[in-house]
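Reader: I would like a close look at one part of this model, with the cut-offs stated so that I can repeat the analysis.

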Amino acid sequence: MSRPRSEHPSPHDLISTLNVLGVYFLTSGERPPEVVVPPTRLLAALVEQKDARLRLATVPLLRVSGSDSAASSFAEERNG
């Protein structure tokens with residue numbers, strides 16, 4: 001069951017969304033994300049995390065953002 005997008009994404013959803021984007025910095029098990037976090041919200045949510053490992057995941061996320069798949073995801077959200 002999906003949660004409303006207005007709630008803060010769970011660490012599992014953040015990690016799963018990173019994996020969907022090809023950023024395999026952290027793992028959260030085999031279950032799929034309940035919510036795929038939009039790219040700009042993903043970045044903001046990672047920065048706001050208390051867990052340093054999640055905050056550090058911004059580094060590989062930004063590095064991957066230069067690749068075609070991640071860059072297109074970010075561009076799609078920005079251009080709406």
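How many salt bridges does the count come to, and what surrounds them?

Author: This is a predicted model, in which local features need pLDDT of at least 70 and side-chain atom pairs count only at pLDDT 80 or more, while totals for chains, interfaces and linings use all residues. Residues are numbered from 1 along each chain as its sequence is written, and side-chain values use heavy atoms, leaving out hydrogens and water.

The count comes to two salt bridges, a salt bridge being a side-chain nitrogen of Lys or Arg within 4 Å of a carboxyl oxygen of Asp or Glu. One joins R41 to E48, with the closest N and O atoms 3.6 Å apart; the other joins R53 to D51 at 2.8 Å, N to O. R41 is partly exposed at a relative accessible area of 26%, whereas E48 is exposed at 52% (buried means under 20%, exposed over 50%, partly exposed in between, with a 1.4 Å probe and protein chains only). In the other pair, R53 is exposed at 53% and D51 partly exposed at 27%.

In helix α2 (helices are DSSP runs of H or I, at least four residues, numbered from the N terminus), P39, L42, A45 and L46 are buried. They lie on the same side of α2, because they cover an arc of only 120° around the axis, taken from the directions from the helix axis to the C-beta atoms. V47 and E48 are exposed on the other side of α2. On the buried side, L42 and L46 are among the residues that L18 touches, contact meaning heavy atoms within 4.5 Å.

How values were computed:
Helix = DSSP H or I, 4+ residues; strand = E, 2+ residues; numbered from the N terminus. Lists of a residue's contacts leave out its neighbours within four places in sequence.
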